[in-house]
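Here's a walk through one fold, written for someone who'd rather be at the bench. Have a look at the model first, then we'll go through its sheet, its helix packing and its empty spaces.

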Amino acid sequence: MTVPLRRRLDNLSLRWQARLDSEWSDRVVPWAVAAALFVLLAALALAKARSLDGTLDLAAYSQAAWKIGQGARPVVTVTTDAHVLAQQAAFLFYPVTLVTFVLPIIPALLLVQAAALALGVVPVWWICRRLANLRPGATLTVLFVYACYPVLHNLNLDGFHPETLALPALLGAMYYGLRGRWWPFAACCAVVVLARADLGLAVAGLGGLLVVEGHRRAGWTTLAAGFGWTVLCTAVVQPWFGDGSYAHVGAFAQFGSTPLSILGGMVTHPFEVLGRLTSEQNFQLFVVLFAPVAFLPVIAFRYLVPVLPLQFLYLVADVPRDAVFGQQTVAITAFIFLATAFALARIGRMGVEKVTVDRRVLGALLLASAVFFVRDAASSPYRQPWNWGGQDIVDYARIQAADRVQPDASVRTSPSLATLLAERDRLFVLEAGDRPDPVRAADGVDVIVLDDRQVPQWNDVEKQVFRLGLDSLGFQEVSSDQGIELFTRRGSESLRPPPGGST
C-alpha cells in the first residue's frame, strides 16, 4: 500500500471515529447493532426450528410453558419428569411464558432468547466506552467479536435455556456495579440469579471484584447475597420442587451423594479433580472461549477471577457435552468480554479523553473472531444455514403423524418429533438402546411414534422384533410413512382419523 493511500485511509478512519465519538452514537449505535443482531439470531433460530431440528430442551420448556398456560403444575416429563424449577430454580421462566400467551410457544421462546442474546450488545458498548474509555473503532471491533462469538450462536441454536436471559443482565450488572449505580445493579443481579440458581456464584464473584475496586460495602453485600442465594436454592428450593434431593448430585456422583460430601470428596481426591479439569473436552472449551478474542482477557486477568469458582464446578461436573459448550458458558462469556474491554484499554494509548488501540491489534482481533466463528459456531457457513427453514418429505411425514395424535394422549416418541408433540400433559422420549425394548416403550403411554432414522443401530430383524413386541402388548401399527411409524394401544381413542379417511 502506498503512503498516500494509507494516509487517506487513516484520515477517513479518523473522520468516522470523530463522528461516532459523540453522545448521539452512544445513544443510537448500540441499540441499532442490537436490533440488527436480533433479526439475524431470530431468523437463524426460527429457521432451524422449522426444519424440525429442535432439541429435547426446547421440547421440555415448551411443555412446561404449555402447562403453565393451562394452569397446571409444570412437571417436565420430556426429560427429567420433575418440576421445571427442580433443575435450575429458573423462576425467570414464569414471566417469560407470558409471551407464549400472544405467540405460539416455540417461536415465542426462541424470540425471547434471541432478544436477550442480542441485548448484550448494549452493556458491552457501555463497558467499552464508559469504563474502558475505548474509542469507537475499538468498541465496534468488540461488538463485531460479540456478534460473531461462537458461544453466542451455539446458545441461540441449542434449543431454549432460561440462563441465556442472564447474559445481558450480568453484563449490565458489571457496568452498573463498576459505575456505582446500585439500584439498576441490584435489578440486574436479581435477573441473573432468577435465571439460574448457581449463577449466584457469578454474582458473588462480581461482588468480590467490587470489593477490590473500592466499593467495599456494596461488594460484600453482593458477595453474601449471591452465595446465599445459591446455597438456599441448593439446600431448600430445588429439593422442595424435586424429589427431595439436589438435582445435580449425579453430575458429581464420583465425589459424594450430597453437596457437602461432594465438596469433601473433591478435597480428598485432588488428582481426580485435576484429571477432569485437564480433560481434552475442557481444553477444547478453553479454545472455543478464548481464541475468538485472541486470548486478550488473560492480560486483564483480574476481571476473570470472579467467575473461576463457578467455572471450576462446571469443568469438574460430569454433564453432556452440549451443556458444557452451551448453557454453562453464559457466566464466563460475560466476564470474558469485560476482561477483553479492559485488556484493550491496557495495551492501548491514552489520548486526550479516550484510549486508542493499535489497528494491528484490532485487525488481529477481527481475524480471530471471523476464523473461529467459521470453525466453531453452530451457524458457521460450513453448516449451510441458508438451507435451514425448509421441510422435506420426511418432515411432512413427521408433521402428519404428530397431527394425528390427540392432545390428551400420553405419548412416547423419538426425539425428532418431541417439539411437535410437546404441548401435552404426558410426553416421554423413546430411548433407543442397542436393542429394542418394547416393554419399556409401551410403559404408561397410549401412543408410540418411532422415527427409524433415530435407531440406526437396529437392523431389520430388530425393528420387526420391536413391532411384534408392541403387538403382544396390545398395540397396533396404524401408519408407516417415510420411516415414521405410528402405534396406538388397541381400544384407545388417542388418534384422529387420517386425512380423507378413518381409523
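In what order do the 5 strands of the open sheet run? Before the answer, one caution: this is a predicted model. The order is β6-β5-β7-β9-β8, and the pairing is mixed. At the edges sit β6 (427-429) and β8, each of which pairs on one side only. Neighbouring strands in this sheet are turned by 20 degrees against each other on average, ignoring direction.

**The sheet, strand by strand**

As general background, strands of a sheet pair through backbone hydrogen bonds, either parallel or antiparallel. Both senses turn up here. Strand β5 (residues 411-413) goes parallel with β6, over 3 bridges. In that pair, look for Arg412, which stands opposite Phe428 in β6.

Over at β8 (residues 475-481) and β9 (residues 484-489), the pairing is antiparallel and covers 6 bridges. Here Ser480 stands opposite Glu485 in β9. The hairpin of β8 and β9 has 2 residues between the strands, and Gln482 takes a positive phi near 55 degrees there.

Which helices lie across β7, β8 and β9? One is α21 (393-404), which lies across β7 (447-451), β8 and β9 and runs at about 10 degrees to β9. Another is helix α23 (residues 460-472), lying across β7, β8 and β9 at about 15 degrees to β9.

**Helix against helix**

Two packed helices are described by the angle between their axes and the distance between the axes. Let's take two pairs in turn.

Helix α8 (residues 136-148) packs on helix α20 (residues 359-376) at an angle of about 10 degrees, and their axes are 9 Å apart. Angles under 35 degrees count as roughly parallel, so α8 and α20 are roughly parallel to each other. From α8, the contact uses Gly137, Ala138, Thr141, Phe144, Val145 and Cys148, which meet Leu362, Leu365, Leu366, Ser369 and Phe373 in α20. By class, that contact has 8 nonpolar residues, 3 polar and no charged.

What about helix α15 (residues 270-277) and α17: at what angle do they pack? Their angle is about 90 degrees, with the axes 8 Å apart. Since 65 to 115 degrees counts as roughly perpendicular, α15 and α17 are therefore roughly perpendicular to each other. Val273, Arg276 and Leu277 of α15 make the contact with Phe312, Leu315 and Val316 of α17. The residues in this contact divide into 5 nonpolar, no polar and 1 charged.

**Pockets and a cavity**

Now for the spaces. Here are three of them, with their volumes.

| Space | Volume |
|---|---|
| Largest pocket | about 1400 Å³ |
| Second largest pocket | about 390 Å³ |
| Largest cavity | about 80 Å³ |

The largest pocket has 49 lining residues, and Gln87, Gln88, Arg196, Asp198 and His248 lie nearest its centre. Which helices supply at least two residues each to that lining? They are α3 (56-69), α4 (84-88), α13 (216-241), α14 (259-268), α17 (308-316) and α18 (321-324). So you meet α17 again: besides its contact with α15, α17 contributes to this pocket. The lining of the largest pocket divides into 28 nonpolar, 13 polar and 8 charged residues.

The second largest pocket is lined by 20 residues, and the closest to its centre are Ile106, Pro107, Thr419, Leu420 and Glu423. Its lining takes at least two residues each from α2 (23-50), α6 (105-119) and α21. The largest share, 4 residues, comes from α6. You've already seen α21 lying across β7, β8 and β9. By class, this lining holds 14 nonpolar, 2 polar and 4 charged residues.

How many cavities of 30 Å³ or more are there? The count comes to 1. The lining of the largest cavity consists of Ala45, Lys48, Ala49, Asp53, Gly54, Thr55, Leu58, Leu110, Asn156, Leu157 and Gly159. Both α2 and α9 (150-157) supply at least two of these lining residues, and the largest share, 3 residues, comes from α2. The classes here are 5 nonpolar, 4 polar and 2 charged. Notice that α2 helps to line the second largest pocket as well as the largest cavity.

Definitions and conventions
Residues are numbered from 1 along each chain as its sequence is written. This is a predicted model: local features need pLDDT of at least 70, side-chain atom pairs count only at pLDDT 80 or more; totals for chains, interfaces and linings use all residues. Side-chain values use heavy atoms; hydrogens and water are left out. On a 1 Å grid over the protein atoms alone, a cavity is a set of points where a 1.4 Å probe fits but cannot get out, and a pocket is an open set with protein on both sides within 12 Å along at least five of seven lines; lining residues have an atom within 4 Å of a point. Grid points are joined across faces, edges and corners, and a volume is the space filled by probe spheres set on the points. Ala, Val, Leu, Ile, Met, Phe, Trp, Tyr, Cys and Pro count as nonpolar, Asp, Glu, Lys and Arg as charged, and the others, Gly among them, as polar. Two strands pair if DSSP finds at least two bridges between them. Axes are lines fitted to C-alpha atoms, for helices over the stretch in contact, and angles run from 0 to 180 degrees between N-to-C directions. Angles under 35 degrees count as roughly parallel, over 145 as roughly antiparallel, 65 to 115 as roughly perpendicular and the rest as oblique. Contact means heavy atoms within 4.5 Å.
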